Amino acid sequence: PSGAAAPTAPSTGAPGAPTTTPSLGVPTTTPGPTASPGLTPPDTTEPPPAAATVPPATSTPAPPESTTPTTPPGGLRPVSAALSPADGSIKAGETASVSLVLMNARDLTGLEAVLTFDPAILEAVDVAPGTLLTLDGAAVGVDRGIEAGRVRARLTRTTGVAGSGMVASIAFRGLRPGPAVITVESLSFTTMTGTERAPVTGPARITVTP
């Protein structure tokens, strides 16, 4: 009959909860976010970290050690000198010789050397030419000057000689106990082309014992 109230559908929710009346025949959908037309949403996914590239280990081989003495340009080694022995001992009143050795001599015709020492410990007795100057039998001129604490020797020959060896021998006598250092103050040598100077490796030492 007109004006009658429609029956009320039973409530299926909890007491006090709001009631919803579904629309008949229309499925209910929840709208999702809408993308703007023509725009691509940014990619928020972080790429995995790139693996570190480690270069392969390489080893540089060490250069081989050279056992050949260095020779200056031209293939000629420089002339040098030394006293031998570098260290020795004698008793007071005895004599001993110190040799002046020249290395890498070429066309050697003479030399002049001055040696100094402690005159309270040693006394220079004589100077003689060495085997490098006398080996071939050539005559060698000797000009010596001996004084307290100092000896000078000048040795000459007419033809040149080459090689390494003793060029002079200086004899000393021990005067009283103690050490004495023998130093080459100067050394020059003469060749067929002129006069040069040679470096001397260190002094020599003689210790006089009682």
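This note goes through the predicted model point by point, from overall fold to individual side-chain pairs.

1. **Overall make-up.** The protein chain holds one helix and ten strands. Read from the N terminus, the order is β-β-β-β-α-β-β-β-β-β-β. The chain has 210 residues, and 25% of them count as buried. Its accessible surface comes to about 14,400 Å². Carbon and sulfur atoms account for 58% of that surface.

2. **Contact range.** Take the contacts with a sequence separation of 6 or more. Of these, 76% join residues 24 or more positions apart. Several of the pairs below illustrate such links.

3. **Strand β3 and its partners.** Strand β3 covers residues 95-116. It pairs with β1 in the antiparallel sense, over five bridges. One position to look at is A81, whose bridge partner in β3 is L102. β3 also pairs with β6, residues 150-174, again antiparallel and over 17 bridges. There, T95 has R173 of β6 as its bridge partner. β7, residues 178-191, pairs with β3 too, antiparallel and over eight bridges. In that pairing A113 is matched with L187 of β7.

4. **The nonpolar core.** The largest nonpolar core has 36 residues. L100, L122 and I182 touch the most other members. The elements giving two or more residues to this core are β1, β3, β4 (122-129), α1 (131-134), β6, β7 and β10 (204-209). The helix is therefore on that list along with six strands, β1, β3, β4, β6, β7 and β10.

5. **Surroundings of I182.** Which residues does I182 touch, leaving aside those up to four places away in sequence? They are L83, V98, L115, T116, F117, L122, F172, P203, A204 and I206. L122, another of the core residues with the most contacts to other members, is in that set. So are F117 and F172, taken up next.

6. **The aromatic pair.** A search of the whole structure finds one aromatic pair. F117 and F172 form it, in an edge-to-face arrangement. The ring centres are 5.2 Å apart, with 80 degrees between the planes. F117 lies in the loop between β3 and β4, and F172 in strand β6, so the pair ties together parts that are 55 residues apart in sequence. Both residues are buried.

7. **The loop at P85.** P85 is found between β1 (80-84) and β2 (87-91). Is P85 buried, partly exposed or exposed? P85 is partly exposed, at a relative accessible area of 43%. Beyond residues up to four places away, P85 touches S97 and A204. L100 is 15 residues from P85 in sequence, and their C-alpha atoms are 9.3 Å apart.

8. **Salt bridge R173–E123.** The count of salt bridges comes to eight. In one of them, R173 meets E123 with the closest N and O atoms 3.0 Å apart. The two sit in distant parts of the chain: R173 in strand β6, E123 in strand β4, 50 residues apart. R173 is partly exposed at 29% relative accessibility. E123 is partly exposed as well, at 33%. R173 is also the β6 bridge partner of T95.

9. **Salt bridge R144–D126.** R144 forms a salt bridge with D126, at 3.2 Å between the closest N and O atoms. This pair links strand β5 (residues 141-147), which holds R144, to strand β4, which holds D126, across 18 residues. R144 is partly exposed, with a relative accessible area of 40%. D126 is partly exposed too, at 32%.

10. **Salt bridge R157–D136.** Here the closest N and O atoms are 2.6 Å apart. R157 belongs to strand β6 and D136 to the loop between α1 and β5, 21 residues apart. How do the two ends stand in terms of burial? R157 is buried, with a relative accessible area of 7%. D136 counts as exposed, at 51% relative accessibility.

11. **A charged network.** Salt bridges also link E112, D143, R152 and R154 in a network. As background, side chains of opposite charge can pair when their charged atoms come close.

Terms used:
Residues are numbered from 1 along each chain as its sequence is written. This is a predicted model: local features need pLDDT of at least 70, side-chain atom pairs count only at pLDDT 80 or more; totals for chains, interfaces and linings use all residues. Side-chain values use heavy atoms; hydrogens and water are left out. Helices (H or I, at least four residues) and strands (E, at least two) are DSSP runs, numbered from the N terminus. Buried means under 20% relative accessible area, exposed over 50%, partly exposed in between (1.4 Å probe, protein chains only). Contact means heavy atoms within 4.5 Å. Two strands pair if DSSP finds at least two bridges between them. A nonpolar core is a set of buried Ala, Val, Leu, Ile, Met, Phe, Trp, Tyr and Cys residues joined through side-chain atoms within 4.5 Å. Accessible areas come from the Shrake-Rupley method with a 1.4 Å probe; for residues, only the protein chains shown count as cover. Rings of Phe, Tyr and Trp (its six-membered ring) pair if their centres lie within 6.5 Å; planes under 30 degrees apart count as stacked, over 60 as edge-to-face and the rest as tilted. A salt bridge is a side-chain nitrogen of Lys or Arg within 4 Å of a carboxyl oxygen of Asp or Glu.
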